[in-house]
Amino acid sequence: MKYAVAAALFAGAIWASPPVEPGDVSFTAHTVATELRGGYQSVIVDLNKDGKPDIIALASGLPDLLWFENPSWQRHVLASGFTGLINVSAFDVDKDGIPELGVASGFATVAKNSPGIMSILTHGADVTAPWTVKEIDRVPTAHRVRWIDPDGSGNKVLALAPLIGPDAVAPDYKSPVALYFYRPPEYKREPIADTFTGLFHGIEAVAWEGGRGQALLSAGFMGVHMFRFANGKWTTTELLKGDPAPWPKSGSSDVYVGRLGRETFLATIEPWHGNQVVVYRKDKDAWRRQVIDSGITDGHTLIGFDADGDGRDELVAGQRGGERSLIMYTASANGDSWTRRVVDEGGMAGAGCAAGDLNGDKRSDIVCIGTATANLKWYENLGKK
């Protein structure tokens, strides 16, 4: 029995909306939870070592960091007592089959009001019981955390991007800001880069040719940069400048690395919390900018995956404002044009989305959490019509 079918047997845990059919792929939206005040980030990860991916739901307006167990979507509390929850990332540091969690909380957009608490969460014998919280650092406006394998050893470190520097003031935020990382088990703060000015919004650990391990990409007022670790130090490369508008409407907000067959492309939301979805393709030594949508409102999440198995990644963007809809973009065969279609119209003010196979049917599904809609949904990929 599919996990999704089994889940339907748990009355009240989940319900389905009529199928939405964006082009060749159909999706059915299932509501996992509501009343998630300030819904901000969703993470797909197996938390109980049963081989089924669960969902972590981070809501900035709640004191609890929550997870929902696949397939019943029973709600559990990872830890309580937080204020300003803002980001979480999962990795199995001790290789016991259950991940440790890096968590950033105490967030505010004004540095003096934001303690920026960095913590590591570890499980006990019962993973459904509250996990142990260990504070490792405080960095004002700690905003994005990602585990990354920078040297290809398989031993990941925890990268941190504050939103802004400690002396930054709106709206320009023209003040020094740095990126950091922490090596287990000591979790001592070390610099990745400290020569930036302005605002960071998104960071992602990605596979990138030409070196061992993963690269870290950042998106912010300064555009998109790549950070690589070799010979005991980090190097920085500017990939693209993002929106060419004057500061502080310049740069980018989120970044995704995708595939069009054998070709690598970059996709961004621009500018910060912006209205544009942009695709970049390599043209000799430069990245050619193509705006594929300029009509989203408060764009806040951008993911990609091959929804239909054709070797070309689809893009999914969430908009927290406006129509509060989830939008998918599909590339043409040659990648020169993109088709826009709505996956969820008006029911998801998407702040954080993720992709993964939730029901074991070998098709990637979508999970999103909404801010204004205060909900968590998973969108089951039913395949081609």
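1. Let me start with the stretch to be wary of. This is a predicted model, and over residues 1-23 the pLDDT stays under 50. The model still has 53 contacts for that segment beyond four places in sequence, which might tempt you to interpret them. Where pLDDT is low, though, the predicted coordinates should not be read in detail.

2. The overall confidence is another story. The mean pLDDT of the protein chain comes out at 93, and 94% of the residues reach 70 or more.

3. On to the fold as a whole. Secondary structure in the protein chain amounts to one helix and 29 strands. The radius of gyration is 20 Å, close to the 21 Å from the globule rule for 385 residues, so the chain is as compact as a globular protein of that length. If you are setting up a box, the C-alpha trace spans about 55 × 50 × 40 Å along its principal axes.

4. A few bulk numbers for your notes. Of the 385 residues in the protein chain, 58% are buried. The accessible surface is about 15500 Å², and carbon and sulfur atoms account for 50% of that. Taking contacts between residues at least 6 apart in sequence, 46% join residues at least 24 apart.

5. One sheet to look at is the open one made of four strands, in the order 11-12-13-14 with antiparallel pairing. Its edges are strand 11 (142-148) and strand 14 (189-197), each of which pairs on one side only. Neighbouring strands here are turned by 20° against each other on average, direction ignored.

6. Staying in that sheet, how many bridges join strand 11 to strand 12? There are six, and strand 12 covers residues 157-162, running antiparallel to strand 11. If you want a pair to click on, Trp147 has Leu158 in strand 12 as its bridge partner.

7. Now the cis peptides, which are worth checking before any force-field setup touches them. The bond from Pro184 to Pro185 is cis, with omega near 0°; Pro185 sits in the loop between strand 13 (176-182) and strand 14. The bond from Asn70 to Pro71 is cis as well, with omega near 10°. Pro71 belongs to the loop between strand 5 (65-69) and strand 6 (74-79).

8. That loop between strand 5 and strand 6 also holds Trp73. Its phi is near 60°, a positive value in a residue other than glycine. Is Trp73 buried or exposed? Trp73 counts as buried, because its relative accessibility of 4% falls below the 20% cut-off.

9. Arg324 has a positive phi too, near 50°, and again is not a glycine. You'll find Arg324 in the loop between strand 24 (314-319) and strand 25 (326-331). With a relative accessible area of 36%, Arg324 is partly exposed, since that value lies between the 20% and 50% limits.

10. Last stop: Gly223, in strand 17 (residues 223-230). Gly223 is buried, at 2% relative accessible area. What is it in contact with, leaving aside neighbours within four places in sequence? The list is Ser218, Leu240, Lys241, Gly242, Gly251 and Ser252. Of these, Leu240 is 17 residues away along the chain, and the C-alpha atoms of Gly223 and Leu240 are separated by 5.7 Å.

Conventions
Residues are numbered from 1 along each chain as its sequence is written. This is a predicted model: local features need pLDDT of at least 70, side-chain atom pairs count only at pLDDT 80 or more; totals for chains, interfaces and linings use all residues. Side-chain values use heavy atoms; hydrogens and water are left out. Two strands pair if DSSP finds at least two bridges between them. Helices (H or I, at least four residues) and strands (E, at least two) are DSSP runs, numbered from the N terminus. Axes are lines fitted to C-alpha atoms, for helices over the stretch in contact, and angles run from 0 to 180 degrees between N-to-C directions. pLDDT is the predictor's confidence in each residue, from 0 to 100. Contact means heavy atoms within 4.5 Å. The radius of gyration is taken over C-alpha atoms; the globule rule is 2.2 Å times the number of residues to the power 0.38. Buried means under 20% relative accessible area, exposed over 50%, partly exposed in between (1.4 Å probe, protein chains only). Accessible areas come from the Shrake-Rupley method with a 1.4 Å probe; for residues, only the protein chains shown count as cover.
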